[in-house]
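Here is a report on how one protein model is put together. Keep the structure in view as you read.

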Amino acid sequence: MIPVTVNGTPLTVPPGTTVAAAVMRIQPAFRRSVTGESRGPLCGMGICMECRVTLNGHPHERSCQLLCAAGMEITTP
Amino acid sequence: MTRTLVIGGGPAGLAAAWAAAQSGQAVTLLDDNPALGGQIWRGDIPARYRRFLDPRITVQTGVQIHSASQLPPADRIILATGTRELFLPFPGWTLPHVLGAGGLQALVKGGLPIAGKRVVVAGSGPLLLAVAAYLRRRGAKILLVAEQAPYPRIAAFTRGLWRHPAKLLEAAQLGFGLRYRPDSWPLRADPGSVTLQGHGVLRCDYLACGFGLVVNTELPELLGCRVENGRVLTDADQRTTVPHIFFAGAGSVDRSLLEGQIAGFGPERGRALHAARAAAVAFDRCIDIAFALRSELLSLTTPETIVCRCEDVPFGAIWPHRDWRSAKLQTRCGMGPCQGRICGPALAHLCGWPAASVRPPIFPTRLENLLDLRD
Amino acid sequence: MTTDVLIAGAGIVGAALAAAFRAEGGKCLVVEPDLVGGGATAAGMGHVVVMDDSPAQLALTAYSRRLWDNLDLPPNVEREHRGTLWVAADAEEMAEVARKHALFPASEILDERALYAAEPELRPGLAGGLLVPGDSVLYAPCAAAWLLRLTPIRYAAIAELTPDGARLSDGTTVSAGLTILACGAGITRLLPQLPIKPRKGHLAITDRYPGFLHHQLVELGYLKSAHGHSAESVAFNVQPRSTGQILIGSSRQYGDESPDIRPELLSRMLRRAVDYMPRLKDLQVIRTWTGFRAATPDSLPLIGPVTDRLWVAAGHEGLGITTSLGTAALLLDRLLGDPPAIPPEPYLPDRFA
């Protein structure tokens, strides 16, 4: 199992889990839209950009296209 | 030795890479996903197709291509960039519990627990059934599969399936025990529920919807291949309007596999598969007719409905413009990081506007990846 | 059809002309083959900036900036008074800072420390800079649409100029008391004798990073690297948009009339930006594009008559957004016989005759 944190909450996920799936285990919403709406993943294939999160301090990473790695810090606004 | 570059590792790309390797070409296969198999298989390639993973193929996954000049040198390029889902905007489609049908499936394949969750699958096309069956196998409670196509068209299509026993069996297996309802589509979504035409309100954890498929034409277009009406133009050998570039895929799995092999083998050996491809194309056409989108769906999008999710632009701000470029310049619609991939096809459907031109980077990318491009 | 003034081009210059002439009660018609603000207006950075390559450039940009400040623009024009920060890399460029400081009212010299306080993301080792607080940024396509909101637009090209107006590509004939061509680099299709050449530029824009950048930053080497007339050059020029996005420029080249991105030049431009601001390399670029400036041999626009009834307002190169309002005011004064606010002679087209 792989340990990550989502907004500081520790979580372990099986190998092969995408960052998006890890976030969805904790909460449905990923980002605030430009007018402040809560948004979550739509396409699941790296196209719609709704699943962007801040990963280890880097904003705007597409969480559905990335696999969880040990120690990842995932944050959403 | 002919150097063949295959871009896209879904059914068409895998078949193309295998066929090219079989005929003695030096093959490199690139894919931007973490694993091969495309959106449909996602690393879980069915046993009968694993032979496509020929050890002679050089495979690179997780590769992002930003501009044409980044491609490794090749004598032939086979593009198998696949499809994405068509989303039609309706009130509430931006809520977090509303996902693409393929999107929810991809997330579940990526480790999202779905057991015990109440899911409504809605929209159009054979993919809905496949997604519903998959989610049910993983423990989801499928409340309903709402198909917008009218009952008579679905019935006629199903009757026609006797000519394709394998497909009939597949459909029967997928659909067994599922509540499948034609003439139904999402009218609106609210937190924790969906209102469906002809059905009323259903409380659900997820609404998974998709209204058909859109071809990913961005890379072909950037490489100069002619695209018309959302399709990459190809000849009988899957050759695009650029002589050394081929395109395969963008239909059903059967058709994608055949197109991939024809492109991979090259004109001579590929010719043997033309008849089989013609049959697959004909079957796809039956699907297109059966699941054509009804005009009522055009009125789902209200003036307040957000169409551009990146920039939160409502339909009422967009439709008065002359074309998509004007709407883009004046409202920011399509100017966000998805680069119009979601709102563009929706507006093609709602307003008849053709897609705008493609510029690098094909996908948003860190600036450092653009520091050493060559002409 | 008939009109008092026929304006060719719905870019920022044509829009400014239409707004000025309408305000004086004139009947205007704008003809545009493409979109409102769809050419260089959309492609550029929307920087309202005072520049001093020549006294005439300083006069026109300073006058125009005042006119912009007098306008009460709607929110979608996204105007922000960010101020321009001219970045000096070394002592030689600090001398240029001192020279500019004397010319630009209310400008402020920044030493090394003040420079990093103003823009912490700049690379260490720079000498300082000049802050020009009155400069602003705006989103020009919406500014053009706003200026044109009361003017009729006919979507057609000018097929042919006639003695009293023009014949349009849709077959219409327009007779006008005065025709003004404000069609940027495309003007030479109608008046091939004008010394205007397209000068291509590249830009890139990032996703949203609010707070990363505070001012419009331009390297002072800009004068050396970009305003020279060499075939191809890049300069560090970045701008914070009100969305939090960062707009990154700039490149200049002659002789390439294809709208395609030139990947090598784009990379060169981005490397220049990263050289000044290293952390830019971590930001996501979402789009790149090109556009064409209408360049003249002396870097000043052509504003004035070609004949009594045919005037031009073109050749604004990279300053069309800034100088559009000054251009319109000069031509309106000429039409009304009013004394102009600045001497119009340096911009008259017949200087090249």
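The largest nonpolar core in this predicted model has 126 residues. B:Ala16, B:Ala17 and B:Val121 have the most contacts inside it. Helix H1(B) gives the largest share of this core, with nine residues. What does B:Val121 touch, leaving out residues up to four places away in sequence? Its contacts are B:Ala101, B:Leu128, B:Val131, B:Ala132, B:Ile142, B:Val145 and B:Ala208. Another core lies apart from this one and has 121 residues. C:Leu6, C:Ala88, C:Ala144 and C:Ile246 are among them. Such cores fit a general trend: in soluble globular proteins, nonpolar side chains tend to be buried together.

**The sheet in chain B**

Chain B holds an open sheet of five strands. Their order is E3-E2-E1-E4-E17, and the pairing is parallel. Why is one side of E3(B) and of E17(B) left without a neighbour in the sheet? Strand E3 (58–60) and strand E17 (245–247) of chain B stand at the edges, so each has a single partner strand. On average, neighbouring strands of this sheet are turned by 20° against each other, direction ignored.

Now look at one pair. Strand E2(B), residues 26–30, runs parallel to E3(B), and three bridges join them. B:Thr28 has B:Thr58 in E3(B) as its bridge partner. Helix H1(B), residues 11–22, packs on the sheet. H1(B) touches E1 (3–7), E2 and E4 (76–79) of chain B. The direction of H1(B) makes about 170° with that of E1(B).

**Where chains A and B meet**

The contact takes 30 residues from chain A and 28 residues from chain B. On the side of chain A, helix H1 (19–26) and strand E4 (38–39) each supply at least two residues. H1(A) gives the most, with four residues. That side of chain A divides into 17 nonpolar, nine polar and four charged residues.

Is H1(A) mostly covered or uncovered? It is mostly covered: six of its eight residues are buried. They are A:Val19, A:Ala20, A:Ala21, A:Ala22, A:Val23 and A:Met24. These buried residues pack against strands E1 (2–6), E2 (9–13), E5 (52–55) and E7 (73–75) of chain A. They also pack against helix H3 (101–109) of chain B.

**Two helices in chain C**

Helix H1(C), residues 12–23, packs with helix H9(C), residues 320–336. Their angle is about 35°, and their axes are 8 Å apart. The crossing is right-handed. From H1(C), the residues in contact include C:Ile12, C:Val13 and C:Ala16. From H9(C), they include C:Gly320, C:Ile321 and C:Ser324. The contact residues divide into 12 nonpolar, three polar and no charged.

**A strand between two partners**

Strand E13(C), residues 216–219, shows two facings. C:Gln216 and C:Val218 point one way, C:Leu217 and C:Glu219 the other way, and all are buried. This follows a general rule: in a regular strand the side chains alternate between the two faces of the sheet. The table lists the strands paired with E13(C).

| Strand joined to E13(C) | Bridges | Direction | Residue opposite C:Val218 |
|---|---|---|---|
| E4(C), residues 84–88 | Four | Parallel | C:Trp86 |
| E14(C), residues 232–240 | Two | Antiparallel | C:Asn237 |

C:Val218 thus appears in both rows: C:Trp86 stands opposite it in E4(C), and C:Asn237 stands opposite it in E14(C).

Terms used:
Residues numbered from 1 in each chain as written. Chains lettered and ligands numbered in written order. Predicted model: local features only at pLDDT ≥ 70, side-chain atom pairs only at ≥ 80, totals over all residues. Pairing = 2+ DSSP bridges. Axes fitted to C-alpha atoms, helices over the stretch in contact; angles between N-to-C directions. Contact = placed C-beta atoms within 7 Å. Left-handed = near helix turned anticlockwise from the far one by under 90°. Nonpolar A, V, L, I, M, F, W, Y, C, P; charged D, E, K, R; others polar. Core = buried A, V, L, I, M, F, W, Y, C linked by C-beta atoms within 7 Å. Buried ≥ 20, exposed ≤ 12 C-beta atoms within 10 Å, placed from the backbone.
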